[in-house]
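Subject: Handing over the structure we spoke about

Dear colleague,

I am passing on the structure that you asked to look through, and I would be glad if you kept it open while you read. My notes come after it.

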Amino acid sequence: MSATASPHTSLLHLPHRPFGPRRPRLTRLRCLASLAPASSGASPENEDHLIQTLCAHGRLARAAALLQGLPAPTQRTYESLLLAAARAGDTALAAAVHRRLEADPVFCSDPFLSTRLIDAYAALSALPAARQVFDEAPVKNIFVWNAMLKALALADHGEEALACLSDMGRLGVPIDSYSYAHGLKACIAASALHTPASARVREMHAHAIRRGYGLHTHVATTLIDCYAKLGMVSFAEHVFTSMPDRNLVSWSAMIGCYAKNERPGDAIQIFQEMMASDADLVPNSITIVSVLHACAGVNALGQGKVLHAYILRRGFDSLVSVLNALMAMYMKCGCLEIGRYIFNWIGRRRNVVSWNSLISGYGMHGFGRESIQVFEEMIEEGISPSIITFISVLGACSHAGLVEQGKKLFESMVEYNVTPHAEHYACMVDLLGRAGRLVEAVELIQSMRIQPSPQVWGSLLGACRIHGHVEYAEMACSHLFDLEPRNAGNYVLLADIYARAKLQNQVDVLKELLEEHALEKVPGYSWIEVKKKLYSFGSVDNKIPQLEELQALIGEFVTQMKNEGYVPDTRSVLYDIEEEEKERILLGHSEKLAVAFGLINTGSGEVIRITKNLRLCEDCHSVTKFISKFTDREIVVRDVNRFHHFRDGVCSCRDYW
């Protein structure tokens, strides 16, 4: 692994050609179609073929005009027109074909075309028209039913879709793998108050198993996707490991499941397993995007660069979604310059996601003013900010302590027709709270027109920890304990605040509550990539490679620091034990172990990049600053909130995090 790459590093193999698909040549057939007169007197067979050709090349107005004069269109011609209308978003053309079909004595009752018509209306978000086609279809076979089921599920009409599936069973319509797949998606979309989506998915899963479809590739893949959306990773794993046959979509679904559920290391590992399992499995853009998100999640820059090369070789650089994920990966791995370089490279094809990624990237690194500047450039370009845009720019203001600028941005949301959500209020509470303006933060919460979410109260609690405000911390937790009764982190944070305020009795009460309700704090984990291999370190993990050597190295650093006046910050250790034992626990913090591992296993001058799943503690922050100076190494740590670039004994956060 090399030192931090520059925008011009040879590792990237950046081509000099512009991004984007090349302009296709006009075929002779297309030229002839464009030159054909409105009424050529050609045979019906030729006119059918001409309409199909025009549809293939997007000449829909001309195709529609020819349809009017065609006495007896073929099934293929109707299908071509409907597919083209859906592809082009042309509802008027779909309606015109619908009217023509109703008057066609040959095809008015054709279930195949009924299916195609429902599909077209579904793609055009014209659900009432799709319902009309279904209701009036003289022949309703399994394909027509599935088309309607799919249309309802895609439109998030989950309850209606499940009712449709129930009707199929009641009327004796055979249910196939596609019925189950659409039904499972409907379970996610259903909004019933009394039956949670998880219960419905498991019920349908059991039904599919009884009917012999549980291990069908299409059904199993949809199950993995549904369980991923519900956060039920173990269920998804069970389905995946039970599948007798897996295709690219199945592998991609499992990779996406891990990536979406904060298990990026597993996502990268299973991607590598997929590549090794079958040479014919070629990742598509969806797979690539998921793996890039996973690489970003654990700072796996080496793996990300390998994917970058693959993207260029396979031509995925023509897809904005892939480039957005690639840009985000570099920025989340600490390579701001390369991320900006790719953003500039996307050029005029940039969408709101591109801008949001850049704004967020600068914010994570503490460059709040740069985030605001990018936001202003985005507005000048005519791009309308989204809900995510404001979350990103407000978060950037919070990390940089730009209180007044953040307040102005928050107030400007109404100008862009963006209604503040709980996430935006959480950002504002965090912004005010970090800056010590806790009274303003509480007043903002009390003025909210929507119910404060756990994020909002959590932001206040986090600010109370920074500034040691017991009263507001208790206020926040009185709500959090009701909203998130199983979240041990809230109890631990309040206990930490009590401990710092020397209120040991309250600390003991909270410990008893944790034990009584069997609540466990989320364990701290850190990840580091060395020679394109990912290593994980946990504070309670005894299987860490080179553990004794790592602890010895950290001990040496701490001893030297003590000689220079360092005092270990043991306030985060809530156990009622001797101070010496608390210091020993601090030595086992996952980020310290990861730093030591990086020092031992990387070459001099290499940047050490670490990701942590929790907030960086004060003691680890102090120790890492010292190590960066003592070893003359740059250490980049990304915690749950932001980036910390340690160099020469100084952190980029300026101790404001």
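What follows describes some helix pairs, an annotated repeat and a sheet.

Please keep in mind from the start that this is a predicted model, and that the repeat annotation comes from a UniProt record rather than from the atoms.

It may help to begin with that record, which is an unreviewed entry and which places "repeat: PPR" on residues 141–175, 247–281, 351–385 and 386–420. In the model, residues 141–175 are 74% helix and 0% strand, and the C-alpha atoms at the two ends of this span are 11 Å apart. For residues 247–281 the corresponding values are 77% helix and 0% strand, with the end C-alpha atoms 8 Å apart.

Next, consider a pair of helices, H7 (residues 127–136) and H8 (residues 142–154), whose axes come within 10 Å of each other and cross at roughly 160°. Since angles over 145 degrees count as roughly antiparallel, H7 and H8 are therefore described as roughly antiparallel to each other, and their crossing is left-handed. On the H7 side the contact is made by Leu127, Ala130, Arg131 and Phe134, while H8 contributes Val144, Trp145, Met148, Ala151 and Leu152. If you sort the residues of this contact by class, you will find eight nonpolar, no polar and one charged.

A second group of helices involves H16 (residues 285–297), which you can look at from two sides, beginning with H14 (residues 248–260). The axes of H14 and H16 come within 9 Å and cross at roughly 25°; because angles under 35 degrees count as roughly parallel, H14 and H16 are therefore roughly parallel to each other. Their crossing is left-handed, and the residues that meet are Leu248, Ser252, Ile255, Gly256 and Ala259 in H14 and Thr287, Ser290, Val291 and Ala294 in H16. By class, this contact of H14 with H16 has five nonpolar, four polar and no charged residues.

The other partner is helix H15 (residues 264–277), which packs against H16 at an angle of about 135°, with the two axes 8 Å apart. H15 and H16 are therefore oblique to each other, and the crossing of H15 and H16 is left-handed. Here Pro264, Ala267, Ile268, Phe271 and Met274 of H15 touch Thr287, Val291, Ala294, Cys295 and Gly297 of H16. The contact of H15 with H16 divides into eight nonpolar, two polar and no charged residues.

Finally, please turn to the strands, where six of them form an open sheet in the order S2-S1-S3-S4-S5-S6, with mixed pairing. Strand S2 (533–538) and strand S6 (650–651) are the edge strands, so named because each pairs on one side only. Strand S1 (residues 525–530) pairs with S2 in the antiparallel sense over six bridges, and you can follow this pairing residue by residue: Ser526 stands opposite Phe537 in S2, and Trp527 has Ser536 in S2 as its bridge partner. S1 and S2 form a hairpin with two residues between them, and in the turn Lys531 has a positive phi of about 50°.

With best wishes,
A colleague

Methods. Residues are numbered from 1 along each chain as its sequence is written. This is a predicted model: local features need pLDDT of at least 70, side-chain atom pairs count only at pLDDT 80 or more; totals for chains, interfaces and linings use all residues. Side-chain values use heavy atoms; hydrogens and water are left out. Axes are lines fitted to C-alpha atoms, for helices over the stretch in contact, and angles run from 0 to 180 degrees between N-to-C directions. Helices (H or I, at least four residues) and strands (E, at least two) are DSSP runs, numbered from the N terminus. Angles under 35 degrees count as roughly parallel, over 145 as roughly antiparallel, 65 to 115 as roughly perpendicular and the rest as oblique. A crossing is left-handed if the near helix is turned anticlockwise from the far one by less than a right angle, and right-handed if clockwise. Contact means heavy atoms within 4.5 Å. Ala, Val, Leu, Ile, Met, Phe, Trp, Tyr, Cys and Pro count as nonpolar, Asp, Glu, Lys and Arg as charged, and the others, Gly among them, as polar. UniProt positions are given in the numbering used here, feature names are shortened, and annotations may be inferred rather than shown by experiment.
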